[in-house]
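Please examine the structure shown below. The report that follows describes how its parts are arranged and which residues meet.

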Amino acid sequence: MAHVHRVLVGEPDPPVVPGRMWSLGLYKSVVLVLFLLRQNPVQEVAAELFGVSQATVSRRWNTLLPVVEKVLAGHVPGPAEASAGRIDLIDGTLVTTWDWASEGTRNVLGQAP
């Protein structure tokens, strides 16, 4: 949080002045941005969870995302470093699954095999 504050204060034309933060405050606003990055919910869901409007979520996202990216840039490992000695699961990977049709069950469209 201190890094985000320093970046905001250090910019010649900051997108927001930390001393005049919004109803969520700087801490919760950064948590909101991190939540959006990690969970990828629709903004309406985030708004309800954080007790603000969708427009507020959108403004926080647009204002603080570049600052959070700048602060985290030095802490993001490269792909080789991140996967060293691990099994990686990539979104969208196609894998073999159980063949329910061969068991005589209905397929996704509700038709018998």
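In this predicted model, W61 touches V33, L36, L37, Q43 and P66, leaving aside residues up to four places away in sequence. W61 is found in helix α4. Its C-alpha atom lies 5.8 Å from that of V33, although W61 and V33 are 28 residues apart in sequence. Is W61 buried, exposed or partly exposed? The relative accessibility of W61 is 22%, and the residue therefore counts as partly exposed; the cut-off for buried is under 20%.

**The overall fold**

The secondary structure of the protein consists of five helices and zero strands. Read from the N terminus, the order of elements is α-α-α-α-α. The protein has 113 residues, of which 23% count as buried. About 8,600 Å² of the protein is exposed, and carbon and sulfur atoms supply 57% of this area. Among contacts between residues at least 6 apart in sequence, 53% join residues at least 24 apart.

**How the helices pack**

Two packed helices are described by the angle between their axes and by the distance between the axes. The table gives these values for two pairs.

| Helix pair | Angle between axes | Distance between axes |
|---|---|---|
| α2 and α4 | about 85° | 9 Å |
| α3 and α4 | roughly 105° | within 8 Å |

Helix α2 comprises residues 25–39, and helix α4 comprises residues 54–72. How are α2 and α4 oriented to each other? Angles of 65 to 115 degrees count as roughly perpendicular, and α2 and α4 are therefore roughly perpendicular to each other. On the side of α2, the contact is made by S29, V30, L32, V33, L34, L36 and L37. On the side of α4, V57, R60, W61, L64, L65, V68 and L72 take part. The residues of this contact between α2 and α4 divide into 12 nonpolar, one polar and one charged.

The axes of α3 and α4 cross at roughly 105°, and these two helices are therefore roughly perpendicular to each other as well. Helix α3 contributes Q43, E44, A46 and A47 to the contact, while helix α4 contributes Q54, V57, S58 and W61. Here the residues divide into four nonpolar, three polar and one charged. W61 of α4 thus appears in the contact with α2 and in the contact with α3.

**A buried alanine in helix α3**

One of the residues in the contact of α3 with α4 is A46. A46 lies in helix α3. How much of A46 is accessible? Its relative accessible area is 0%, so A46 is buried. Not counting residues up to four places away in sequence, A46 touches L32, F35, L36, P41 and V57. From A46 to V33 the distance is 9.6 Å, C-alpha to C-alpha, and the two residues are 13 apart in sequence.

**An aromatic pair**

F35, one of the residues that A46 touches, also takes part in an aromatic pair. How many such pairs does the model contain? The count comes to one aromatic pair. It is formed by F35 and F50, whose ring centres are 5.8 Å apart and whose planes stand at 50° to each other, an arrangement classed as tilted. The pair links distant parts of the chain, with F35 in helix α2 and F50 in helix α3, 15 residues apart. Helix α3 spans residues 43–50. F35 has a relative accessible area of 23% and is therefore partly exposed. F50 also counts as partly exposed, because its relative accessibility is 21%.

**The loop between α2 and α3**

Where is N40 placed? N40 is in the loop between α2 and α3. Although N40 is not a glycine, it has a positive phi of about 55°. With a relative accessible area of 66%, N40 is exposed, whereas A46 of helix α3 is buried.

Terms used: Residues numbered from 1 in each chain as written. Predicted model: local features only at pLDDT ≥ 70, side-chain atom pairs only at ≥ 80, totals over all residues. Heavy atoms only, no water. Axes fitted to C-alpha atoms, helices over the stretch in contact; angles between N-to-C directions. Helix = DSSP H or I, 4+ residues; strand = E, 2+ residues; numbered from the N terminus. Parallel < 35°, antiparallel > 145°, perpendicular 65-115°, else oblique. Contact = heavy atoms within 4.5 Å. Nonpolar A, V, L, I, M, F, W, Y, C, P; charged D, E, K, R; others polar. Phe/Tyr/Trp six-rings, centres within 6.5 Å; stacked < 30°, edge-to-face > 60°. Buried < 20%, exposed > 50% of the residue type's maximum accessible area, 1.4 Å probe, protein only. Areas by Shrake-Rupley, 256 points an atom, 1.4 Å probe, with all protein chains shown as cover.
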